[in-house]
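Student: Before we look at anything, I would like to go through the labels that go with a structure one by one, and ask what each of them rests on.

Tutor: Then let us set every value against its criterion and draw the conclusion from there.

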Amino acid sequence: MVAHADTRVVHRGGSKINFRAPVITQDSRFLICVSGECIKVFSTSTEECIHHLQGHKELVTGLVLNPSNHLQVFSCSEDGTIRLWDFTDGILIRVTLLRILSMHVSAKGDVFLVMPVKRNKKEKFGLVSLNLPPSVEQHVMVKGHTIVFQSVSTDPKCIAFGQGGEYVASVKDNVLHVYFLNKKTFYRFALGTSGEMAARNAFTCVACHPKDDCIATGHGDGKIRLWRNFNQEKEYTFSTVHWHHSGVNALCFTPEGTNLLSGGLESVLVQWRYGQEGQKDFLPRLGSSIKEIVVSPDGSLFCTSHTDNKITVIKNCTKVSAVIQGLVHGDGVKTALMVDPRTKALVLNGKPGHLQFYSLQRDQQLYNLDIVQQEYINQSNLDQFEVVKAALDSRGSWLATVEQRSAKEVEISLKLWAFDEHTQSFVLNTTISAPHDGPISEICFSPSSQNSTTLVSVSLDGHFKAWQLTQPDPSDDEEASWSCDFVGDYHSLEPKCCCFSADGSLLAVSFKEVVTVWSPASWDLLTTLSQPPGAIQDLCFGRLSCSKYLLGATDKNLCCWNLLTCSLEWSTALDVSLLLADPLSENVAAFCGAEKTTDLFVFRPSEPRPHFSQQALCTGRVTRAVFAPRDEPLDGCEESSQWLNRSQLYFLTHNMELLTFLTKPEEERLMALSKQVPTIDDSVAMTPFYLLLGKHRKRVPCNDEADDSRLWGESWNFGVPNLAPGNHVMSSCVSSMCLLRDEEQPTEVEMESEKEEEDSEEEGASVPPRPEHESSDTGAKLGPVLTKAEHRELRGVKKLDYSWIRGLVTSNPVVNTTKQMVKTPKQRVKTPKPMAKTPKPMVKTPKPMVKTTKPMVETTNP
Amino acid sequence: MGEFKVHRVRFFDYMPSAISAMAFNVHTERLAVARADGTVEIYNFADNCFQEKVIPGKDGRTVEALCWAGQRLFSTGLNGEIVEYDLENLRSKYTVEAYGGPVWTISSNSQGTQLAVGCEDGTVKIFELVEDSIQFQSNFDRLKSRVLSLSWHPSGTQIAAGTMDMIRVFNVTTGHATQRMMVDRAAGANKKKEVAVWSVVFLSDNTVISGDSAGKVQVWDSQMGTLIRTHLVTKWDVMALAVSRDESSLLAGTSEGSVVQFQFISARLDQPDKEWQRTRTLRSHSHDVRALVHTDTAAVSGGNDAHLVVRPFMEKVVKGSKESAPCKITFPHRSLVSCGKKAGILLFQFPERLEVWRLGETHCVYACSLQGDDHICCSTLSPCGGWLAYASASSVRLFQLQYDNDSIALTKVKLPKVLRWANQLCFSADSSRLFASFSQSSVLVFALSKSEAKYVHTLKPKSGETTAVHLMSTSDDGQWLATANSDCEVHVYNLKKLKYHCTVPVYGSCPSAMAIHPTGSNVVMVHADQKYSLEQKEYTEWSRSLAKKGLHGSWLNRVAPVTHVSFSASNPDYIILHDMNMFCIIDKSLPLPEKDSDLCNQNQLRSMNEAARVKDSHAFKICEMFKNLLCVGLMEDHSLVVVERPLLDIATRLPAPVRQKKFAT
């Protein structure tokens, strides 16, 4: 199978909002920032996201206010287009170019871009000036452009336009270049370039005074130099001020030029008086290191963007008035990606020592949970406690975390947190210090029973331990706490990973090449499975109808065992970096490391043919991914995108970008929604609440749903050039549909699950259970319904055909299928009863989920 | 090049004295530097910052301010006197009592006709320069507090005076104050403390710039009496200000040891209105910067840490040239140590005492302190170690040394009355004669016998030269005597005939060291600009080839001048010379270094094999093992005496600097 045209990998949710400096509008009411492929407009006073400007097909790489019309903003993207937005409506111009890395607008309104310039066969980046034709057409091709600078830095902080747009200052490494645009004269000022001096002197950023001819540059050693007389080859002069102890990351003059703002690693905003640099003010404790500083055109608001994907709005130079927090992209996500069943939030490492709960639907951080509960000291070479593992149980009522510090000896502690309904957050229940003698390689909760749950921790010290909640004596006042229930080992081998079956009746723990299967009820070793060579790297049970399969990945092979026969079902040569089972379907996603890139296969353990495969998904290995259940199952008709219907797959690339898949219908729907005419006055901040109300008001005249949808359809088709607040209209619209559907659906589900129960019981010996409701959603599009016999036959045929692997992985030769695999397994049909029942709780989950979202909204506010 | 037994001497605890005032004469490019012990030194900036003249100080005379008026140099101090110096004979010419208590400052007008002094009692007094003297002219309106600083307007009609808490502008003709400008006190706890205006500068556009004890540099409009701009430079005092000749750049020296530059530049590139902007900060001192001079190409600063620092402005000099090298002068450019070659004793000269040490012993064998107020200007030890002579501004003394085992006894030997003072003293190689340079470059010859010194003859150069001799050297065979004076002239006398022999062709740079070859009767002179020559009536072959080929670039770029030349007794081809940072043996038999070769290649040579070593070796063999050298002398027994004075030792003996907040402390 080839890469699918109808599904593409996008940045959606959790994108970096600190990738480029944000823009504050003329009236200081809106803050515009890049966010992956779209542009977000926030209100500076309420922190609310007001619009999503969508249209770019690639990462947005630059954002500047149009100097000639302060209600418009330019954006450029890696897709080679520049778009001019009216904050609320759509595309005005379109320029076809190569990769655009950043853009600048001088005070005169000339547009400059940084893009690759070929020179002497080496790719360098050049500053290119562009003449945008004053056309009213929506799509404009610009051909003529002139190269101003041959080699510039790609970072927009390294280019600044001087007073009146008369000159450009560009810094790169140890050289400051000043180019006078009118006179076409060029000055070069170099700082000491030898040895150790070079690294310390290197320029990091540049800013030009808005009124005077003064250029401020920041340096790697924390100095700020103010250059004057720079139209002289020799008589130029600079003064130096020094406060930062490490590199200056951002510099910005206030609009009147009375103050200079600087920021760096110290997370302190320093305000220097221009002309009296000895006097300075500080705004400390901004949370994390400052990446960019922006001042509103009237000077009343400062805005700092930070390395932890946060934008802080500062009012009157002194007060932090708003904080817009995106998904924190730390140096490395140590924990697995998880989805909190209550809030549907993504859970992962956040700030140092914290876990963050991030709502992907609303693209907003819900809250941070302080795990380590220790002061973080910002200093290199200092060993600090880090949250390395975390696990949530299936109902979201328990959270287990492992924190580790590897100073001289490894210090580990395991913490268990109970969800407190009252405070709507996790409360520390038990702290187990030194739970193991070695680092913990994996922890997982058993998914099973209602009131008691088991946590299994696997450590490199050769043991795995099961922890259980023990009820104290009723006489004691103490709360229930966790204690060790069982310590298991296997031939003193090092265990690596563990996995519970979907019903919690089996626990698989891998010890080097051996997979041991245990019964959590009695802690008996049931069986061992092994497929040398290669130690097991990842384990995963099949879900639903495939729950009899256990998948294991070694560094060379992907193996699938049938637990009923305790034999290898099939295996194939794949370098799997991550195995992930979708909790809502049989699908299993395998991320495979090819040469420097990662391929993705989505398949069912029972079927040899993958549903979906994409090669060269991204560069680097993917080691963290998660299936996030959708609020609303999609009704995608394309076979290749069906696997995305119930859950959405998010994954983290090695440079900590969160990517996901967007199907075509979904995209179309988003685009259509985003093109809706904005009917709301700018003066009122658009909140979802407002939208909901406004929509209801609109909906009043038309009573039936069909009319309504027609009306919406019209409004989508109408007014193409305008862009709209996509997400909120959509979400509210969708939620209104939800309401309607919810009235019907629960009964449906109920019925189905009942039917299923019957099915599974009677099918006990015939067909593996398959969630009927899913096929009822999708089955119509699959074509003619097959009889069970036909099904079985077809599957048998498919099973024998492993040629798909060859087609996919040309580099990896196909492993010769063992005899066990070729044999059509007769035993396979015998599904154990507890497994067959699994679908039942799964089906019922959607309903409580909808309910839990509401209280979560409240928790975000404090 | 051979091996030496080295005596590494570190017990000479010479302490350079703090620099208290400086004055620069733009026309002659001479810098006068006054030190806390009253010494006044003249540096020639046209000649590689060579210390040309030293006028020894006097007990009880401190110099608070120096000023040039044309070619004349004046100083004032807290003893209330104005002193004019005799620059030819290196003595004070006369003193005039100012009758106003301690005098804090002196300043001459740009025409060089009037001197203004600021006194403790709050008066500004004007003196008129007359030939060979100065004459009191007038008193200005008396101020309430001491006058700490004065500056003439270039036109000579107005004077700005900085006092406590205030700056006054006087009209010179009427003597009345025309403006009063109040200086703010420091904020906070120091609010009650008066602000001392340590320095003022009056610019031709009627701008007055002041530096005060609250750490401010302030720009004033003297016509309106208003403050234009305040730059807070330091938490401590701004001690000194200096402005460039074109009034486009200003330096301010602070108690933190930093020098801050201000430049008169326009905020917008295309517009003419300019303002004073703080630009560079130079940090070259550990202690207070007390005195500052802004030459056309460099900032010259001096202060309590006794270093004289010349920091060139890179935009004013050609990069890589000799002028662009920053230079730090700590030690005097003449020898304070003399060696008794045969006896193995050393004589150390301090301003107020002498110390005699014997090599191999750990304590001073004899110390004699000076009688009288005048400081020692020169001292010498005879090669045999039997005689010691020293001179101050008022007397010359000769002693005979007698050794009994551990101690040394000195007996004073009377010198004839002819010799009232001397600039330079020198014994002949056989210790039978003493040469003393006297006024007008003349040299008096004394014959030394058992216990008396007899005047023999006066040697005079042919031309009517007048400047003082600063170097004297005799040949080992006692036939020749060479003298060098600060006019760059070197005269050679025949001692057998007791008459003038010849004058070496005058070279543009002053000789910093000189010696006569023991066998070849050649004079070796090392000039302050690192060139050097050899001659005996005419340049020798080697000298000509040296002149033809030119010296190696990195040799010419050395900053410190060579202070001593001597010869190896074993190999006549070897010349041993040293400066502050290295000593060098020049082998005349080897070829001169090529332009592109490495000058200091001794370490490299050591690692090479024999053949390559021969190929790569050249005449200059430089040893940089010893640092901060005061003297390198070759003893009779072929051992080397190296007198070092580590700068760290000097720094630890200085008083504690002002407290500065250091990062992470």
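Student: What makes strand S23 (residues 269-273) of chain A a mostly covered strand?

Tutor: In this predicted model, four of the five residues of S23(A) are buried, and buried is the word used because the relative accessible area of such a residue falls under 20%.

Student: How do you know that S23(A) pairs with strand S22 (residues 259-264) of chain A?

Tutor: Pairing requires at least two bridges between the strands, and four bridges join S22(A) to S23(A), so the two count as paired, and they run antiparallel. As an example of the register, Leu260(A) has Trp272(A) in S23(A) as its bridge partner. The two strands form a hairpin with four residues between them, and in the turn Ser267(A) has a positive phi of about 55°.

Student: Which strand pairs with S23(A) over five bridges?

Tutor: That is strand S24 (residues 276-283) of chain A, which pairs with S23(A) in the antiparallel sense. Here Val270(A) stands opposite Phe282(A) of S24(A). S23(A) and S24(A) also form a hairpin, with two residues between them, and Gly275(A) in that turn has a positive phi of about 95°.

Student: Why is a positive phi worth pointing out in a residue other than glycine?

Tutor: It is worth pointing out because most residues other than glycine have a negative phi. Trp523(A), with a phi near 55°, is a residue of this kind, and Trp523(A) is found in the loop between strand S43 (514-519) and strand S44 (524-530) of chain A. In chain B, Glu29(B) also has a positive phi near 55°, and Glu29(B) is found in the loop between strand S2 (19-25) and strand S3 (30-35) of that chain.

Student: Why is Trp523(A) called buried or exposed, and on what value?

Tutor: The relative accessible area of Trp523(A) is 12%, and since the limit for buried is under 20%, Trp523(A) is therefore buried.

Student: And which class does Glu29(B) fall into?

Tutor: Glu29(B) has a relative accessibility of 35%, which lies between the 20% and 50% limits, so Glu29(B) counts as partly exposed.

Student: How do you know whether Ala573(A) is buried or exposed?

Tutor: Ala573(A), found in strand S48 (residues 567-573) of chain A, has a relative accessible area of 14%, and because this is under 20% Ala573(A) is buried. The C-alpha atoms of Ala573(A) and Cys592(A), which are 19 residues apart along the chain, are separated by 10 Å.

Student: What makes the pairs of Ser585(A) with Asp582(A) and Asn587(A) polar contacts?

Tutor: The side chains of Ser585(A) and Asp582(A) are joined at 2.8 Å, and those of Ser585(A) and Asn587(A) at 3.0 Å; the distance limit is 3.5 Å, so both pairs meet it. Ser585(A) is found in the loop between strand S49 (576-581) and strand S50 (588-593) of chain A, and its relative accessible area of 2% is under 20%, so Ser585(A) is buried. Leaving aside neighbours within four places in sequence, Ser585(A) is in contact with Arg543(A) and Leu544(A).

Student: What share of chain A is buried?

Tutor: Buried residues make up 55% of the 862 residues in chain A, and the chain has twelve helices and 55 strands.

Student: What is said to be in contact between chain B and chain A, and how much area is buried there?

Tutor: 19 residues of chain B are in contact with 18 residues of chain A. The area buried between the two chains is about 1700 Å², of which carbon and sulfur atoms give 46%. Arg268(B), Leu269(B) and Glu315(B) supply 35% of the area that chain B buries against chain A, more than any other three residues.

Student: How many salt bridges does the rule find across that interface?

Tutor: The rule finds zero salt bridges across the interface of chain B and chain A, whereas eight residue pairs are found in polar contact, both residues being at pLDDT 80 or more. The residues of the side of chain B that touches chain A divide into seven nonpolar, five polar and seven charged.

Notes
Residues are numbered from 1 along each chain as its sequence is written. Chains are lettered from A and ligands numbered from 1 in the order in which they are written. This is a predicted model: local features need pLDDT of at least 70, side-chain atom pairs count only at pLDDT 80 or more; totals for chains, interfaces and linings use all residues. Side-chain values use heavy atoms; hydrogens and water are left out. Contact means heavy atoms within 4.5 Å. Buried area is the accessible area (1.4 Å probe) that two parts lose on being put together, summed over both. A salt bridge is a side-chain nitrogen of Lys or Arg within 4 Å of a carboxyl oxygen of Asp or Glu. A polar contact is a pair of N or O atoms within 3.5 Å; within protein, one must be able to donate a hydrogen and the other to accept it, and residues adjacent in sequence count only if both atoms are side-chain atoms. Ala, Val, Leu, Ile, Met, Phe, Trp, Tyr, Cys and Pro count as nonpolar, Asp, Glu, Lys and Arg as charged, and the others, Gly among them, as polar. Buried means under 20% relative accessible area, exposed over 50%, partly exposed in between (1.4 Å probe, protein chains only).
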